[in-house]
Every structure is written in structure tokens, then in C-alpha cells.
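Here are two short exercises to work through with the structure open. Try each one before reading its solution.

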Amino acid sequence: MTPAEQASSRPMIEFHDVTKTYDGGRPAVEDLSIEIDRGRITVFVGPSGCGKTTSLRMINRMVEPTSGQILLDGQDIGRQKAAELRRSMGYVMQSSGLLPHRTVLDNIATVPRLNGVGKAEARRRASELLDVVGLASDLGRRYPVQLSGGQQQRVGVARALAADPPVLLMDEPFSAVDPVVRAELQEELLRLQRDLAKTIVFVTHDIDEATILGDKVAVFAVGGRLAQFAAPEEILRAPVDDFVAGFVGRDRGFRHLSFQDGDGVAIHPVETIDSDRLADPTVPVHSPWTLLVDTEGRPHGWVPQASRAGFTRQADAVPGGSLYTRGDSLRRALDAALSSPSGLGVAVDDDGRVVGVVRAAEVFGLIEAARLGRGRAEHNTAV
Ligand SMILES: Nc1ncnc2c1ncn2[C@@H]1O[C@H](COP(=O)(O)OP(=O)(O)O)[C@@H](O)[C@H]1O
Ligand SMILES: [Mg+2]
């Protein structure tokens with residue numbers, strides 16, 4: 001291995017036997033040792049009060065450990081200047097923490113300005129970052145109160161990225177926004193990360209969010225005890241103890257389907273009708289459920305055969321369920337079928353055009369086949 005290769009395979013952040021006790025009470029974090037991979041998303045998840053925020057804040061010395069050592073890129077952070085260290089990492093929290101009396105653009109430019117970047121240059125870069133996080137450039141002139149919660153969190157992410165730090169610390173950044181916006185922000189973060197490849201440490205109390213975002217997930221128990229640290233699939237499939245099993249929860253079997261690819265799911269033909277033909281009540285339909293599509297072949301809802309005559313306008317169609325894009329996970333395939341009024345999950349191509357339908361029973365068949373296959377593989381290695 002060359003020295004450069006060695007450096008890039010070294011964990012970005014290492015905790016060695018780190019303990020934090022506030023005011024002589026019980027340890028908030030006890031004897032934590034963990035290695036955080038470079039360029040990946042590591043999620044700290046666990047119930048409230050288990051030391052996630054404390055652990056995160058020890059990385060940029062907002063909190064000082066009582067004992068133990070934290071290395072950044074192999075260097076002891078205890079020997080670095082706390083203020084410089086803090087500015088060298090992006091930090092995003094639950095309340096966006098934006099300065100209310102500064103415009104969005106000036107908020108984003110804060111850290112580069114502190115680092116000595118000129119005003120014009122810092123603003124130009126801030127304006128680019130608005131685009132990076134999916135915000136229109138004219139929002140830059142507004143004040144934080146003039147933005148929605150989701151927009152404020154996006155600005156918070158832009159601000160954290162402004163100095164182009166290699167490490168991004170995120171403490172429940174999406175917890176205060178509604179579930180729809182939260183899902184958008186999660187997708188957006190994953191999209192960003194594909195380009196940026198930052199080392200991200202992300203704190204959440206939501207196991208769903210943890211398994212969606214994490215390359216690796218650290219499950220914390222009370223007292224900052226690291227209960228399990230593994231890839232999300234493994235935590236869902238094989239929780240190490242009752243605490244993790246309980247935390248991962250009742251739906252873990254279902255969530256685990258997210259990691260099984262749906263390539264084997266059969267896509268069947270489906271009868272479709274467009275709105276012109278729908279408008280003429282004498283045009284018959286032949287299936288119990290017919291799918292209404294637009295001129296591009298995109299789905300618009302279902303027409304039940306029994307009430308065909310009364311269904312002549314697009315607005316009459318029964319709204320469909322979730323869509324399954326070819327190649328998505330088994331979870332998406334099953335959800336498409338189960339959420340559809342016809343019991344048939346609509347499958348679309350990458351352009352959103354209908355390619356057919358999937359059936360729940362067949363998805364179950366694949367799940368069962370995969371389980372039997374796995375059982376057999378494990379049995380074979382055991383003998
Ligand atoms: N500044 C502080 N002073 C005293 N106790 C604190 C302080 N911050 C956190 N704690 C305590 O440390 C424990 C862990 O808190 P925290 O790290 O915020 O957990 P989490 O982020 O997982 O909810 C809790 O018992 C909390 O009350
Ligand atoms: Mg916290």
C-alpha cells in the first residue's frame with residue numbers, strides 16, 4: 001500500500017475509550033470506541049438521552065471528553081485549536097440555527113467570511129450553494145422567518161457546506177419537519193452525497209431514517225453504550241440483543257425488504273384506457289380494474305369495471321397507490337400492490353410510463369424463495 005492509499009483507508013474519525021460525565025453525574029457516554037469511515041454516512045441512532053448529541057459534539061469539541069481520545073485523520077483533536085476545528089467541520093442541527101437578522105445568503109456565507117473569504121466571493125459561492133441544496137436563487141435575499149421549515153433546513157445544509165468541509169456533523173436535522181418534506185430532504189441528502197462524498201455523522205432517534213441514510217448505523221443504548229454497529233441490513237436482519245431488537249421494532253421484517261432487490265418481480269400486462277376513450281361511456285372495459293393513463297402513458301388512477309358507465313372524466317378515476325419503478329426493492333413492489341385499490345401495483349419505467357402491474361402474492365413468493373435459499377446456504381456452510 002502506498003502512503004496515500006494508507007491514508008485514505010484510515011478511518012476519518014476514531015473514538016478511543018471515550019467517556020463523558022457532566023457535572024459528576026452518571027456518564028452520558030461511557031467507554032465509547034468507534035471508527036467512522038471516510039466519505040460515508042455513519043448514523044448514530046437511539047432513544048432520547050442516550051448520548052448521541054454528546055458523542056457528536058465531542059467530534060468538533062463543542063463538548064470536551066472526560067477521558068479517552070478522538071482522532072481526526074489520525075490526529076488527536078485534543079491538541080488542535082477548538083475554534084479552528086469547529087470551523088473546519090459543517091454542523092447542522094434540528095432548529096436551523098440561522099441568524100434571524102441576516103439574509104439567507106449572508107447566513108450561508110458566515111463561515112467562509114470568518115475564514116477570511118471576501119464578501120463578494122463568499123456571496124457568489126453562497127448563491128451557488130442555494131442551487132446545490134435545491135432552492136431558488138431569489139430566496140437568498142429573504143430572511144429566515146420568511147422560509148418554510150423545510151427550506152430553512154436546506155439553508156442549514158448549504159451553510160454547513162459553505163466552507164467545503166470534509167466532515168459534516170448533522171444532529172437530527174430533519175426531525176422538526178413534516179414526514180413528506182422529511183422524505184424529500186433525505187432523498188436530497190443522498191443525492192448530494194453521491195457527488196460530494198463527505199464524511200457525514202448523522203444523529204437521529206428514528207430507525208427508519210437511520211436505515212435509509214446510513215452506510216453504517218450505530219445503535220446507542222442509555223449511557224452512551226454502543227449496542228450494535230453494522231450495516232443497516234444487518235441490524236434489521238440480526239439485532240444483537242433484546243435492546244436492539246426492541247428499538248428496531250415490530251416492522252423490521254418489512255423494513256428489511258428495502259434491501260432485497262425486486263429484479264425477480266414479474267411485471268404483467270395491464271388493460272389501459274386514455275381519457276378520450278374514457279369520456280365515451282360506450283367504450284367498454286374488459287378487466288375488473290382498468291388503468292387510466294395520459295397521452296404519455298403515465299398512470300392517473302383506476303376505473304372499476306362495475307361502475308365503468310359512471311366514470312367518464314379523469315377526476316372520476318380511483319386514485320392509485322404508490323408506484324413501483326422497475327428495479328426498485330421488494331418493499332416498494334409490495335407497497336405498490338398493497339396500496340393500490342385494485343390490488344395491482346403499477347410498475348413504471350424511469351420516465352414514469354406504465355409498463356405493467358405487480359402482484360403482492362408473487363412478491364411474497366419471492367420473499368419466501370429468498371428465505372429458503374438463504375437458509376440452505378447457511379446450512380451448507382454449517383456442515
Ligand atoms: N450540558 C449538559 N449538562 C448536563 N447534562 C447533560 C448535558 N447535555 C446532555 N446531558 C445529559 O447527558 C445525557 C445524554 O444527552 P444527549 O447527548 O443530549 O443525548 P441524546 O442526544 O441521545 O438525546 C442525558 O442524560 C442528558 O440529560
Ligand atoms: Mg440529541
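A quick definition before we start: helix axes at an angle under 35 degrees count as roughly parallel, while those over 145 count as roughly antiparallel. Keep in mind that the model is predicted.

**Exercise 1.** Work out how helix 7 and helix 8 are oriented to each other.

*Solution.*
1. Start with what you need: two packed helices are described by the angle between their axes and the distance between the axes.
2. Find the pair: helix 7 covers residues 149–161, and helix 8 covers residues 179–196.
3. Their axes are 11 Å apart, at an angle of about 20°.
4. That angle falls under 35 degrees, so helix 7 and helix 8 are roughly parallel to each other.
5. As for handedness, helix 7 and helix 8 make a right-handed crossing.

**Exercise 2.** Describe the surroundings of ligand 1 and pick out polar atom pairs.

*Solution.*
1. List the shell: Y22, A28, P47, S48, G49, C50, G51, K52, T53 and T54 surround ligand 1.
2. Sort it by class: four residues are nonpolar, five polar and one charged.
3. Check the elements: helix 2 (residues 52–59) gives the largest share of that shell, three residues.
4. Now the pairs with ligand oxygen atoms: a backbone N or O atom of G51 sits 3.1 Å away, a side-chain N or O atom of K52 2.9 Å, and a polar side-chain atom of T53 2.8 Å.
5. Finish with area: ligand 1 alone exposes 560 Å², and the protein buries 55% of that.

Definitions and conventions: Residues numbered from 1 in each chain as written. Chains lettered and ligands numbered in written order. Predicted model: local features only at pLDDT ≥ 70, side-chain atom pairs only at ≥ 80, totals over all residues. Heavy atoms only, no water. Near = heavy atom within 4 Å. Polar contact = N/O pair within 3.5 Å; in protein donor to acceptor, adjacent residues only side chain to side chain. Areas by Shrake-Rupley, 256 points an atom, 1.4 Å probe, with all protein chains shown as cover. Helix = DSSP H or I, 4+ residues; strand = E, 2+ residues; numbered from the N terminus. Nonpolar A, V, L, I, M, F, W, Y, C, P; charged D, E, K, R; others polar. Axes fitted to C-alpha atoms, helices over the stretch in contact; angles between N-to-C directions. Parallel < 35°, antiparallel > 145°, perpendicular 65-115°, else oblique. Left-handed = near helix turned anticlockwise from the far one by under 90°.
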